Amino acid sequence: MKIRLVTENDLPDLLELIRKGLGEEDAKEDFVLAQLKKLTHDREEVFVADVDGVAAGFIHVEVYSNIYFGPVGNILGLAVKEQFRRQGFASALLKAAEEWSKEKSCIGMRLNSGGTRHGAHDFYRLQGYDNEKTQIRFLKMY
């Protein structure tokens with residue numbers, strides 16, 4: 001396994017990871033490709049875990065800051081293909097995101113995880129993360 005930056009060639013694997021790993025079944029190829037092309041690299045990055053040219057997993061990280069806290073790295077998505085799970089891929093991706101955020105002068109890392117994803121919560125706790133508060137996510141679509 002090698003951790004590297006995402007490329008447009010990773011699009012088929014990335015779509016599979018987004019649809020199956022993140023549960024975003026309606027993710028559109030043209031939209032994901034357009035978003036990859038718009039990556040700013042100074043404010044956000046996508047890393048993949050490469051196994052013989054296959055993107056076995058990915059992590060999307062950004063610099064998150066506001067007027068009362070930060071900046072911190074913010075994980076926007078982390079998924080590993082089922083056949084590669086429990087082999088250190090997610091840990092390696094998380095480590096790459098943490099290192100990237102430190103290079104961007106972040107003081108920590110944050111992420112949100114669905115309330116029913118207990119396995120993911122256990123994983124994050126093993127990686128040194130703690131849930132600092134309980135939130136309810138509100139979303140209004142336009």
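**Exercise 1. In this predicted model, find how many bridges join strand 3 to strand 4, and state whether the two run parallel or antiparallel.**

Solution.
Step 1. Locate the strands: strand 3 covers residues 54-64 and strand 4 covers residues 72-80.
Step 2. Count the bridges between them: there are eight.
Step 3. Compare the directions: strand 3 and strand 4 run antiparallel.
Step 4. Pick one position as an example: V63 has G73 of strand 4 opposite.

**Exercise 2. Give the order of the strands in the sheet and name its edge strands.**

Solution.
Step 1. Recall the general point: strands of a sheet pair through backbone hydrogen bonds, in a parallel or an antiparallel way.
Step 2. List the order: the open sheet has five strands, arranged 1-2-3-4-5, and the pairing is mixed.
Step 3. Look for strands that pair on one side only: these are strand 1 (2-5) and strand 5 (109-111), the edge strands.
Step 4. Add the twist, which averages 30° from one strand to the next.

**Exercise 3. Find the salt bridge between E16 and K81, and explain which parts of the chain the pair ties together.**

Solution.
Step 1. Recall that side chains of opposite charge can pair when their charged atoms come close.
Step 2. Check the distance: from N to O, the side chains of E16 and K81 are 3.4 Å apart, and the cut-off for a salt bridge is 4 Å.
Step 3. Place both residues: E16 belongs to helix 1 (residues 11-21), while K81 sits in the loop between strand 4 and helix 3 (89-103), so the salt bridge ties together parts that are 65 residues apart in sequence.
Step 4. Classify the exposure of each partner. E16 has a relative accessible area of 29% and is partly exposed. K81 has a relative accessibility of 7%, so K81 counts as buried, the limit for buried being under 20%.

**Exercise 4. Work out which residues form salt bridges with E99 in helix 3, and how far apart they are in sequence.**

Solution.
Step 1. Take K95: the closest N and O atoms of E99 and K95 are 3.5 Å apart, and the two form a salt bridge.
Step 2. Count along helix 3: E99 and K95 are four residues apart, which means a separation of about one helical turn.
Step 3. Take K102: K102 also forms a salt bridge with E99, again with 3.5 Å between the closest N and O atoms.
Step 4. Count again: K102 and E99 are three residues apart in helix 3, so about one helical turn separates them.
Step 5. Turn to another group: R4, D10 and D50 are joined into one network by salt bridges that share partners.
Step 6. Give the total: the count of salt bridges is seven.

Technical notes: Residues numbered from 1 in each chain as written. Predicted model: local features only at pLDDT ≥ 70, side-chain atom pairs only at ≥ 80, totals over all residues. Heavy atoms only, no water. Pairing = 2+ DSSP bridges. Axes fitted to C-alpha atoms, helices over the stretch in contact; angles between N-to-C directions. Buried < 20%, exposed > 50% of the residue type's maximum accessible area, 1.4 Å probe, protein only.
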